[in-house]
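Please open the model in your viewer and keep the sequence beside it, since this tour moves from one selection to the next.

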Amino acid sequence: MGIARKHSANKIRALEILVRLKRLYPHATCTLTYSTPVQLLVAVILSAQCTDDRVNLVTPELFRRFPDAKAIAAANLDELMELIRSTGFYRNKAKNIQAACSIVESDFGGAVPQSMESLLKLPGVARKTANVVLAHAFGINAGVTVDTHVKRLSQRLGMTKYEEPVKIERDLMNLLPQNDWENWSIRLIYHGRSVCKARNPDCINCDLLDLCPTGQKSVGERSRSLMPPITS
């Protein structure tokens, strides 16, 4: 199959996967709790190497004490660290959050910037964080959020062969409509949590099995292993 035909086939398959994910998870949305773009920015930074559920346990008190960029920028760093300790890597996270909020306050009048270029200048912000903030705070689909679930499932589904998040994101952006870039990520995260887990994915009961080369291979190997030995 030529490169152009292979890309076309992958695009059709990606669109069908997207349709099914929308049907499976019609109400999927960002599970972080926040009231403002600044709070979303902080919550996403906290979510690195941490579950959203844990972040949501921490942020109510954090945002009660420090509700905006100005307050966080002026906060006592030790107090910030203590408030977010349970999210892990709390020293670096506290420093990045305070530094990012200081820049938001001084350079952007306390409002989170609405461009990828500006967001990437903030400490603790990479493309994954910027994509989430732009999509959920401002409705801007600037890219595809690639977290561990999206990386794992996109590879298993044959949507990319790469390991680097930036290259995975580029492949996905070429396969999916821009309006659905964040839809893809959110729903794939839901699917990764409920069905396509890192260990022991439930391939046999997966609604995407017929579209997943990895799942088909896994099920085929499992079936062969259960076959009785051939006797003469």
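A pocket, as the word is used here, is an open set of grid points where a 1.4 Å probe fits, with protein on both sides within 12 Å along at least five of seven lines. Bear in mind throughout that this is a predicted model.

Begin with the largest pocket, which holds about 600 Å³ of space. To find its middle, select Ser47, Cys50, Asp52, Asp147 and Arg193, which are the closest to the pocket's centre among the 24 residues that line it. Next, colour helix 3 (52-65), helix 8 (127-138), helix 9 (148-156) and helix 11, the elements that each give two or more residues to this lining. Which of the elements gives the most to the lining? That is helix 11, which contributes five residues. If you then colour the lining by class, you should find nine nonpolar, nine polar and six charged residues.

Stay with helix 11 (residues 181-194) and select Tyr190 within it, then add Tyr25, which sits in the loop between helix 1 (3-24) and helix 2 (37-46), 165 residues apart from Tyr190. These two belong to the one aromatic pair that the structure holds. Their ring centres are 6.0 Å apart and their planes stand at 55 degrees, so the pair counts as tilted, the class that lies between stacked, under 30 degrees, and edge-to-face, over 60.

Finally, show the surface around both rings. Tyr25 has a relative accessibility of 13% and therefore counts as buried, whereas Tyr190, with a relative accessible area of 24%, is partly exposed; the cut-off for buried is under 20%.

Technical notes: Residues are numbered from 1 along each chain as its sequence is written. This is a predicted model: local features need pLDDT of at least 70, side-chain atom pairs count only at pLDDT 80 or more; totals for chains, interfaces and linings use all residues. Side-chain values use heavy atoms; hydrogens and water are left out. Rings of Phe, Tyr and Trp (its six-membered ring) pair if their centres lie within 6.5 Å; planes under 30 degrees apart count as stacked, over 60 as edge-to-face and the rest as tilted. Helices (H or I, at least four residues) and strands (E, at least two) are DSSP runs, numbered from the N terminus. Buried means under 20% relative accessible area, exposed over 50%, partly exposed in between (1.4 Å probe, protein chains only). On a 1 Å grid over the protein atoms alone, a cavity is a set of points where a 1.4 Å probe fits but cannot get out, and a pocket is an open set with protein on both sides within 12 Å along at least five of seven lines; lining residues have an atom within 4 Å of a point. Grid points are joined across faces, edges and corners, and a volume is the space filled by probe spheres set on the points. Ala, Val, Leu, Ile, Met, Phe, Trp, Tyr, Cys and Pro count as nonpolar, Asp, Glu, Lys and Arg as charged, and the others, Gly among them, as polar.
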